[in-house]
Amino acid sequence: MENEEIKSSMLLAQDKYLEAGVHIGTRFKTIDMKPFIFKRRDDGLFILDLRKIDERIRLAAKILSKYKPEEVMVVASRLYSANAAGKFASLTGVDITKGRFIPGTMTNVKLPVFKEPKIMLICDPKGEQEAVREAVKLGIPVIALCDSDNNTAFIDWVVPTNNKGRKALALVFYLLARELMMAQGKISSYDQFQHRIDYFERFEDERTEEIAKEIEAEEAKAKADDLEAAKQVPESAPAEGGAKAEEKTEGKKEEKKGEKKEE
């Protein structure tokens, strides 16, 4: 009964989250992201906590709703995030910076791209470090989509999610758009939200779609190679904590040396 209540209170049916892969992290985890990780799969991938993903998307939308659309800036440096975030921006009226974040965007008034947001939403702390640095200098709060391998220093609100996958990003921005539009009064119920998740995933430009497919093919090959490499690792090899394992090995060597000297 309790599980049913949890599922019904989520922004979206649990199977939709799972289909989009928002919970699939990387093979690395940072100490910062440890509270948001549910478990580690047999193939080495860390799995993010679905309930925390849902809860933090909901609260991220509430935070953004306290600002005027023109006071919100989304930074999306990658192809997939820029596409989904661009749809989110067009529906909600918030500002967006796609591609490379130009240094000085928020600190150099002479730049043509100069902007003065009051809150920022970034899609990847790794690729958008410069945006975070400038936000910190100006005291601008930062909401960030963070994967299992992200550091969250200077992030005010973490939204744990797969921030690299096309489907995952589409789902996150679908929910953010729906929740923010509700808060803005543009829609009064979910039924009035006319856009489906695939709208946030789809590229309108054919050439961009081709590029996206090439990227997906490369990523699929890389994942297959990683999985094959993981299979080649001996079962006795440690899954994590390699450095500690090496320290233990060295310790054993020293012990053996000591035993030989005593003999």
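I'll start with one contact: the side chains of R78 and D124 form a salt bridge, 3.3 Å from N to O. R78 sits in the loop between β3 and α4, and D124 in the loop between β5 and α5, so this pair ties together parts that are 46 residues apart in sequence. Keep in mind that this is a predicted model.

The two partners differ in exposure. R78 is partly exposed, at 38% relative accessible area, whereas D124 is buried, at 3%.

The structure holds 12 salt bridges. One of them joins R178 and E179, with the closest N and O atoms 3.5 Å apart, and both of these residues are buried. There is also a network of salt bridges linking K126, D147, D149 and K164.

Now helix α5, residues 129-138. Which residues of α5 are buried? They are A131, V132, E134 and A135. These residues lie on the same side of α5, because they cover an arc of only 165° around the axis. What covers them includes β3, β5 and β6.

Helix α5 also has a salt bridge of its own, between R133 and E130, at 3.2 Å from N to O. The two are three residues apart, about one turn of the helix. R133 is partly exposed at 45%, and E130 is partly exposed at 22%. After the helix comes G139, with a positive phi near 75°.

Last, the core. The largest nonpolar core has 68 residues, and Y17, F88 and F173 touch the most other members. Helix α6, residues 166-184, gives the most to this core, with 12 residues. Leaving out residues up to four places away in sequence, F88 touches several residues, among them L64, V74, L121, F173 and F200.

Methods
Residues are numbered from 1 along each chain as its sequence is written. This is a predicted model: local features need pLDDT of at least 70, side-chain atom pairs count only at pLDDT 80 or more; totals for chains, interfaces and linings use all residues. Side-chain values use heavy atoms; hydrogens and water are left out. A nonpolar core is a set of buried Ala, Val, Leu, Ile, Met, Phe, Trp, Tyr and Cys residues joined through side-chain atoms within 4.5 Å. Buried means under 20% relative accessible area, exposed over 50%, partly exposed in between (1.4 Å probe, protein chains only). Helices (H or I, at least four residues) and strands (E, at least two) are DSSP runs, numbered from the N terminus. Contact means heavy atoms within 4.5 Å. The arc is that of the directions from the helix axis to the C-beta atoms. A salt bridge is a side-chain nitrogen of Lys or Arg within 4 Å of a carboxyl oxygen of Asp or Glu.
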